[in-house]
Amino acid sequence: MADIARPARRSTASSGSARFWSRFFLALDVMIVVALAAAAGTMFWLYPDAWNRVYTGLGYGWVPALLWTGAALVTLRYRPAWLARYWNLWLAGAVAAVVSIGALSFFDSSYGTLAFVGLAGRWGSAAMGDSMVWGMVRLAPLVAVVPLLISSRRAGRGYWLALSCTGKGLWLAALYTALGIAYAARAFGRGLASLFRAENRPGWITAIVKSPVRLFSALTGRSVQSRAPVAAEVAMPEPEMKEEPAQEAKVPGSPAVFYSGSKWKLPSLDLLAPAEARSVDDKPLKEMAANIESALADHGVQVEVADIKSGPRIVRFGLQPGWVEKRGAVKEGEAPAVQGRVKVQSILARERDLSLAISSPSLRFEQVPGEALLGLEIPTPSPSKVTMREIMDGADFRKIATRGGLPIALGADAGGDSVAMDLSALPHMMIAGATGSGKSVCINSIVASMLLTKPPDQLRMLMVDPKQVELTPFNGIPHLVLPVITEVDEVSPMLRGLIREMTRRYKAMAEIGTRNISGYNAKAREPMPYLVLIVDELADLMLVGGFEIEQSLVRLAQLGRAAGIHLVLATQRPSVKVVTGLLKANIPTRVAFAVASQVDARVILDSVGAEKLLGKGDMLLLNNDAPKPRRVQGTLVLDDEIEKLVEFWLDQKGPALPPINLEDDDEGELGDGVDESLVDRARELALRNPHMTSSLLERRLKIGGNRAEQIIEVLEDEGLLIPR
């Protein structure tokens, strides 16, 4: 009986081992597939342009290539003997895939990314060449090989023998390589299984197994009853360990630079001042909340402070209106009067009484976004500063920088959360505020944000500073296309040159078949950098240039986004003559600092509220993401931080930058015999009518047809006219 039982036990053991290894390799296959999918997804998420490069590599030729490769891998995994047995069919399939890819290269797509390389992508077009005749000559031998591989051995014994030896050799080499990998994986699995057995496990493995149990016990103060195998292992004798003094955990710092993928080096964040520690004392805030409730209750307005959020300069109390009985006598035996909510208007009417009760002259009411609360914003008793380093270390800023946008560190909102925005998505910004409100510091923080994250081969700037105070320190950095413009008379030719550059960019994008700068940079050999125009005082330009300056800025605001051109305009006089309706319609993102009156607030924000701001960086931000302005405390950039940043870029010598020509070369294009005054008058007409024709120009300027055609061509090159 014993002899009979032994083979049964061996059979059971062998079947159990087979099941174990089948499950092991199945789990290994699943892990490999998941890892490859995760790697591919991560690559396409981090580098969105990688999909375009992969897609344009073979185009539709990826379909036969992936079908053949997938079939070969599945066969190699589950039926490796079929690769040697049917080697001729596999080789015929590979040749057929190559033939199909070559045939696809002869056809061009009517539109899309494959319109310039053919349906087989860049690789297929390069393999087949530009001539269809030579491409068919190359494919002819391969087409002849396929039926010979599939047909019987009668089609040439010598040919068949040579082909058979070569094919079998290749497939046997692949087969033995795969078997070697399988045996190595099996040996690794056996070693891993023996390593995790309790009798063979090293001490460090046991410590790793026990560490989660000890951690849970330390955090909860309760002992954990582990399962039987773990309990047996815990009962094993352990070597005595000496307790070492606890050491403070090192907090990982922020990276020195942001990744740019450029030969230029980005400055370190150590150039910026460290973030200040911000502490909030709940006791005075609760006292202020109690004073608010009692002050309104004294005037018959019942409210409850349901939420308190403290920011760097502002504390926002969320007021929930209370209940009040509706008027009307209640007769005997009837139900009590119906209660209703306190009207919001009754709370707003007690603003002065509330200001006097809590001894705060600056109050502002605003509905809390997404909640049924009325927000009351009061200056905090313990204000703090918002540094650039604090915002740039935030997740929002880093996400924008990683995505390849133009991140801007604006500040922190009323709840203390960092506010970072992408200028390439805004796409333009208007800043207004009285003297000393923080407008110039905001401009410096915008420039510093871009200098810390973008090298000059990816971002170029144009700066206009009629006051010659705020932007002139940036002179000399490689990001500048021209030195900082301080003369107002030089602005109009610069804007015309910028419009011509925008037109050239649109022509380049049309040639390659893309619609915006990101698609162009993904395909072109020489990518185009972003262009950002920064104007510190718009009022001076509008008073001197007038209608021409306004129309040039409107033209850039309308069409500049797709070409990578963005505007940042600032003024301390937000009147209707400076911030016109056309500019406001094309610049949706507007920032209002403290202004003198409600009229100025309505000009910049189309609503009141900016006249109640505290100044020194206190702003209201209006953009497309929110229907109402959001209160933000702007970042503080010190002068020594700007100096260190400018010195870093002045000391660095990187590769040569592609030139950007913005010169006003009207005379060279017009030739002799054309009066400059006629061109200026034609520009004014073109700004009013971008579809102007030569016949209209003849009637208005009293000139001949040839001269009118010359002027029309110049205006089209400048981008003032839509090409016919």
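Two strands count as paired here if DSSP finds at least two bridges between them. Helices (H or I, at least four residues) and strands (E, at least two) are DSSP runs, numbered from the N terminus. The model is a predicted one, so to speak of local features takes a pLDDT of at least 70 and side-chain atom pairs count only at pLDDT 80 or more, while totals for chains, interfaces and linings use all residues. Residues are numbered from 1 along each chain as its sequence is written, and side-chain values use heavy atoms, with hydrogens and water left out.

With that settled, take the four-stranded sheet. This open sheet runs in the order β1-β2-β6-β5, with antiparallel pairing. Its edges are β1 (303–310) and β5 (364–367), each of which pairs on one side only. From one strand to the next the twist averages 30° (axes are lines fitted to C-alpha atoms, for helices over the stretch in contact, and angles run from 0 to 180 degrees between N-to-C directions). Four bridges tie β5 to the antiparallel strand β6 (residues 374–379), and Glu-366 sits opposite Gly-375 in β6. Helix α11 (residues 282–298) packs on this sheet and touches β1, β2 (314–321) and β6, where touching, or contact, means heavy atoms within 4.5 Å. The direction of α11 makes about 150° with that of β1.

Next comes the nine-stranded sheet. It is open too, with mixed pairing and the order β8-β7-β15-β14-β13-β9-β12-β11-β10. Here β8 (418–422) and β10 (459–464) are the edge strands, each pairing on one side only. Neighbouring strands are turned by 25° against each other on average, direction ignored. Strands β11 (residues 530–535) and β12 (residues 565–571) run parallel and are joined by five bridges; Leu-531 has Ile-565 of β12 as its bridge partner. Helix α16 (residues 439–453) packs on the sheet against β7 (407–413), β9 (429–432), β10, β11 and β12, and its direction makes about 130° with that of β7. Helix α22 (residues 598–605) also packs on the sheet, touching β9, β13 (589–592) and β14 (618–622), at about 160° to the direction of β13.

What about the core? A nonpolar core is a set of buried Ala, Val, Leu, Ile, Met, Phe, Trp, Tyr and Cys residues joined through side-chain atoms within 4.5 Å; buried means under 20% relative accessible area, exposed over 50%, and partly exposed in between (1.4 Å probe, protein chains only). The largest one holds 121 residues, of which Ile-431, Leu-533, Ile-534 and Leu-697 touch the most other members. Beyond its neighbours within four places in sequence, Leu-533 has contacts that include Leu-462, Met-494, Leu-553 and Leu-567.

Helix α15 (residues 395–403) has two faces to look at. Its buried residues are Phe-397, Arg-398, Ile-400 and Ala-401. They span an arc of only 160° around the axis, which puts them on the same side of α15; the arc is that of the directions from the helix axis to the C-beta atoms. On the other side, Ala-395, Lys-399, Thr-402 and Arg-403 are exposed. The buried set packs against α14 (388–392), β7, β8 and α16. After α15 comes Gly-404, with a positive phi near 95°.

Finally, there is Arg-500, which lies in helix α17 (residues 491–512). Arg-500 is buried, with a relative accessible area of 3%. Arg-500 and Glu-718 are 218 residues apart in sequence, yet 4.5 Å apart in space, C-alpha to C-alpha.
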